[in-house]
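Let's take a friendly walk through this structure together. Have the sequence and the 3D view at hand as you read.

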Amino acid sequence: MATSNPIQFIQQVRAEISKVVWPTRREVLLTTVMVFIMAALTAVFFALVDLSIRGGLQLLLGMFN
């Protein structure tokens, strides 16, 4: 494993960081909103699935009372 001194390491890190393309404020806002929308849609979907399974089980178990 090659060793390098701390100054070379810092220079290499700065060179790599300068290659990073940072998102704009608008891109961050849009993706954040999309994540919240998808999370809400997923929550609604699973709530509906849960209610339908619960209703089906109550109906099925009610037949045996």
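## A charged pair

Which side chain meets Lys-19 in a salt bridge? The partner is Glu-16, and the N to O distance is 3.2 Å. Please keep in mind that this is a predicted model. The structure holds 1 salt bridge, so a definition helps here: a side-chain nitrogen of Lys or Arg has to lie within 4 Å of a carboxyl oxygen of Asp or Glu. Side chains of opposite charge can pair when their charged atoms come close.

You will find both Lys-19 and Glu-16 in helix α1, which covers residues 6-19. They sit 3 residues apart, about one turn of the helix. Lys-19 counts as exposed because its relative accessibility is 57% and the cut-off for exposed is over 50%. Glu-16, at 47% relative accessible area, is partly exposed.

## A nonpolar patch

Now look for the nonpolar surface patch, with an area of about 610 Å². Its members are Phe-9, Ile-10, Val-13, Ile-17, Val-20 and Trp-22.

Take Val-13 as an example: this residue belongs to helix α1. With a relative accessibility of 32%, Val-13 is classed as partly exposed.

## The annotated region

Further along the chain, an unreviewed UniProt entry lists residues 28-49 as "transmembrane region". In the model, residues 28-49 are 100% helix and 0% strand. The C-alpha atoms at the two ends of this region are 32 Å apart.

Terms used
Residues numbered from 1 in each chain as written. Predicted model: local features only at pLDDT ≥ 70, side-chain atom pairs only at ≥ 80, totals over all residues. Heavy atoms only, no water. Helix = DSSP H or I, 4+ residues; strand = E, 2+ residues; numbered from the N terminus. Buried < 20%, exposed > 50% of the residue type's maximum accessible area, 1.4 Å probe, protein only. Patch = residues over 30% accessible without salt bridge, like charges linked within 9 Å, V, L, I, M, F, W, Y side chains within 5 Å. Areas by Shrake-Rupley, 256 points an atom, 1.4 Å probe, with all protein chains shown as cover. UniProt positions renumbered as here; feature names shortened; annotations may be inferred.
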